[in-house]
Amino acid sequence: MSSKIKYRFNPSTHSMEIALWNRKEFLRKITWPFVGGLLVAVTAFIIMALFVPSPKEKQLQSKYDAALTEYELLSKQMDGMQEVLNDLEQRDANLYRALLEAEPIPTASRLRGSMDAYYYDSLATRTGSQLVADMARKADQLEKSLYIQTKSYDEILGLAKETEVKMQNLPAIQPVLNKDLTRVASGYGWRVDPIYHTKRFHEGMDFTASTGTDVYATGNGTVSFSGWRQGFGNCVIINHGFNYESLYAHLFKSLVREGQQVKRGDIIALVGSTGKSTGPHLHYEVHYKGCPVDPRNFYFLDLSPEDYDRMVQMANNAGNMLD
């Protein structure tokens, strides 16, 4: 069966003629639809690639979002840890070190980071995440701060042990028991000399008691002197360490020798009236760094507030010395 004959109108002859096969026109007719379809397909592919994630990309994005959430939670936890550490540092400086009379750690030393700023900037560039760099900075600062705080606590522990020894050594009780006292004849300060009747500075306290009354060491220490001293008569001096000394004068008798270790409350002598003295009493002094200080500031271990007030009143009212 023959193919169907096609005709077309020839405008030159104004007549219908048999349409001959035109290769160029054929190619044009089949090429443009193909090219158009191809362009549509490529455009659709590009749109899909740019705006519609693949299953693999969706999976990676999900993992990234989960990791980002974990990083943010860790960052908040680090902030909380830093707040706790800041509180410990404040207690360290304002409480523990203040009580132990130690210098606080300089703030600049605590804030100094482990790395310089360039390291964190480069880390953000390498990882593509500023959050990672910020977390690294926080972790480094926490590590440095924890190290410093640990060393500080080691130092505080050593100071506390030293303070415990110091508290045992401080001359912190009366050298004569209250029950044995007749009165506090004179306190620390300007008083009238009993012999020359002129005012001079009295560097200790006079406790009136009967001859032979027990005299107690007021703190742990080593006897640095036991013998006769001009003006003081029989005298005992105890070195308590930490720049403290206590002196006991006008004794009837010393019961200790030089170099002997004594503890607070040990009986070291007996009250007398030797040397420049007008009656039986104990002249007692406390020295710090070689200078006399008011002994009444150190009776905090064996006097109630009421007893302390009464003793201070008696010392202030006593205008004459016995030595």
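Rings of Phe, Tyr and Trp (its six-membered ring) pair if their centres lie within 6.5 Å; planes under 30 degrees apart count as stacked, over 60 as edge-to-face and the rest as tilted. This is a predicted model, where local features need pLDDT of at least 70 and side-chain atom pairs count only at pLDDT 80 or more, while totals for chains, interfaces and linings use all residues. Residues are numbered from 1 along each chain as its sequence is written, and side-chain values use heavy atoms, leaving out hydrogens and water.

**Exercise 1. Aromatic pairs**

Count the aromatic pairs, then classify Tyr-244 with Phe-298 and Tyr-248 with Tyr-284.

*Solution.*
- Step 1: The ring rule gives four aromatic pairs.
- Step 2: For Tyr-244 and Phe-298, the centres are 5.8 Å apart and the planes stand at 75 degrees, so this pair is edge-to-face.
- Step 3: Tyr-244 belongs to strand S10 and Phe-298 to the loop between strand S14 (291–293) and helix H6 (305–317), so the pair ties together parts 54 residues apart in sequence. Helices (H or I, at least four residues) and strands (E, at least two) are DSSP runs, numbered from the N terminus.
- Step 4: Both Tyr-244 and Phe-298 are buried, meaning under 20% relative accessible area (exposed is over 50%, partly exposed in between; 1.4 Å probe, protein chains only).
- Step 5: Tyr-248 and Tyr-284 make a tilted pair, at 5.3 Å centre to centre with 45 degrees between the planes. Tyr-248 sits in strand S10 and Tyr-284 in strand S13, 36 residues apart.
- Step 6: Tyr-244 also joins Tyr-288 and Phe-298 in one aromatic cluster.

**Exercise 2. The nonpolar cores**

Find which residues touch the most other members of the largest nonpolar core, and which elements supply it.

*Solution.*
- Step 1: A core is a set of buried Ala, Val, Leu, Ile, Met, Phe, Trp, Tyr and Cys residues joined through side-chain atoms within 4.5 Å.
- Step 2: The largest has 23 residues, and those touching the most other members are Val-215, Val-236, Ile-238, Tyr-248, Ile-268 and Leu-282.
- Step 3: Two or more residues come from each of strands S6 (205–209), S9 (233–241), S10 (244–254), S12 (267–271) and S13 (281–288).
- Step 4: A second, separate core of five residues includes Phe-225, Ile-237, Leu-247 and Ala-249.

**Exercise 3. Leu-38**

Place Leu-38 in its element and decide whether Leu-38 is buried, partly exposed or exposed.

*Solution.*
- Step 1: Leu-38 lies in helix H1 (residues 23–51).
- Step 2: Its relative accessible area is 45%, so Leu-38 is partly exposed.
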